[in-house]
Amino acid sequence: MDAEVQFSDEVTDDQASSFKDNLRSAGLDIIPETRGALIEAIPWLVLISLPMQSFLSSAGEDAYQALRNAVRDLFRATVQARNSAILEDDSSGIQVILESDLPDDAYQQLRDLDLRQFSVGPLIYDRNRHCWRPE
């Protein structure tokens, strides 16, 4: 499954390479990204554009752990870490915000998330209700 990955300028080449390796272990094929073409003052470190519903419904436990670890490792490695990574569905444009300290339950729930039930986004994980919802 193809995924386009864009990084903010503060992510080093080594960090980007490690992140992409982790995504590959989640079963994603990384297509070339563009650097520096991102909007100024973006509130995220990385944007991952992919056929999200297909990924969410077909990914196994190992893929979710690899995705979680990729996001957590990137935040840990970045000195001035912003607060999120974003998964973006390449057909609907719906975005899912992956905060740096998401609980494991949030990643588990991604597996059953049906994007068709949302007409607006981005989606965030509501820690009080323990569910994904529009921001």
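The protein has four helices and seven strands; helices (H or I, at least four residues) and strands (E, at least two) are DSSP runs, numbered from the N terminus. This is a predicted model, where local features need pLDDT of at least 70 and side-chain atom pairs count only at pLDDT 80 or more, while totals for chains, interfaces and linings use all residues. Residues are numbered from 1 along each chain as its sequence is written, and side-chain values use heavy atoms, with hydrogens and water left out.

**Exercise 1. The overall plan**

Work out the order of helices and strands along the sequence, and the share of residues that count as buried.

Solution.
- Step 1: Read along the sequence, the pattern is β-α-β-β-α-α-β-β-α-β-β.
- Step 2: Buried means under 20% relative accessible area, exposed over 50%, and partly exposed in between (1.4 Å probe, protein chains only).
- Step 3: On that scale, 44% of the 135 residues count as buried.
- Step 4: A contact means heavy atoms within 4.5 Å. Among contacts with a separation of 6 or more, 69% come from residues 24 or more positions apart.

**Exercise 2. One helix, two sides**

Take helix 1 and check its span, then find where its buried residues lie.

Solution.
- Step 1: The expected span of a helix is 1.5 Å times one less than its number of residues. Helix 1 has 13 residues and should therefore span 18 Å, which agrees with the 18 Å between its end C-alpha atoms.
- Step 2: Its buried residues are Gln15, Ala16, Phe19, Lys20 and Leu23.
- Step 3: Looking down the axis, these buried residues fall within an arc of 130°, so they line one face of helix 1. The arc is that of the directions from the helix axis to the C-beta atoms.
- Step 4: Turned away from the buried side is a face with the exposed residues Asp13 and Asp14.
- Step 5: After helix 1 comes Gly27, with a positive phi near 95°.

**Exercise 3. Rings that pair**

Find how many aromatic pairs there are, and describe the geometry of each.

Solution.
- Step 1: Start with the rule: rings of Phe, Tyr and Trp (its six-membered ring) pair if their centres lie within 6.5 Å; planes under 30 degrees apart count as stacked, over 60 as edge-to-face and the rest as tilted. This rule gives two aromatic pairs.
- Step 2: Phe7 and Phe19 have ring centres 5.8 Å apart and planes at 85°, so this pair is edge-to-face.
- Step 3: Phe7 belongs to strand 1 (residues 2–7) and Phe19 to helix 1 (residues 13–25), so the pair ties together parts 12 residues apart in sequence. Phe7 and Phe19 are both buried.
- Step 4: Tyr125 and Trp132 also pair edge-to-face, with 5.4 Å from centre to centre and 65° between the planes.
- Step 5: Tyr125 counts as buried at 5% relative accessibility, and Trp132 is buried at 6%.

**Exercise 4. Into the core**

Find which residues have the most contacts inside the largest nonpolar core, then look at the neighbours of Trp132.

Solution.
- Step 1: A nonpolar core is a set of buried Ala, Val, Leu, Ile, Met, Phe, Trp, Tyr and Cys residues joined through side-chain atoms within 4.5 Å.
- Step 2: The largest such core has 41 residues, and Phe19, Leu98 and Trp132 have the most contacts inside it. Helix 3 (residues 61–77) gives the most to this core, with eight residues.
- Step 3: Leaving out residues up to four places away in sequence, Trp132 touches a set including Val96, Leu98, Ala106, Phe118 and Tyr125.
- Step 4: Ala106 sits in helix 4 and counts as buried at 0% relative accessibility. With the same exclusion of residues up to four places away, Ala106 touches Tyr125 and Trp132.

**Exercise 5. A residue on the outside**

Decide whether Asp101 is buried or exposed, and find the partner of its side chain.

Solution.
- Step 1: Locate Asp101 in the loop between strand 5 (95–99) and helix 4 (104–110).
- Step 2: At 51% relative accessibility, Asp101 counts as exposed.
- Step 3: Its side chain makes a polar contact with the side chain of Arg127 at 2.8 Å. A polar contact is a pair of N or O atoms within 3.5 Å; within protein, one must be able to donate a hydrogen and the other to accept it, and residues adjacent in sequence count only if both atoms are side-chain atoms.
- Step 4: Asp101 and Arg72 are 29 residues apart in sequence, with their C-alpha atoms 7.4 Å apart in space.
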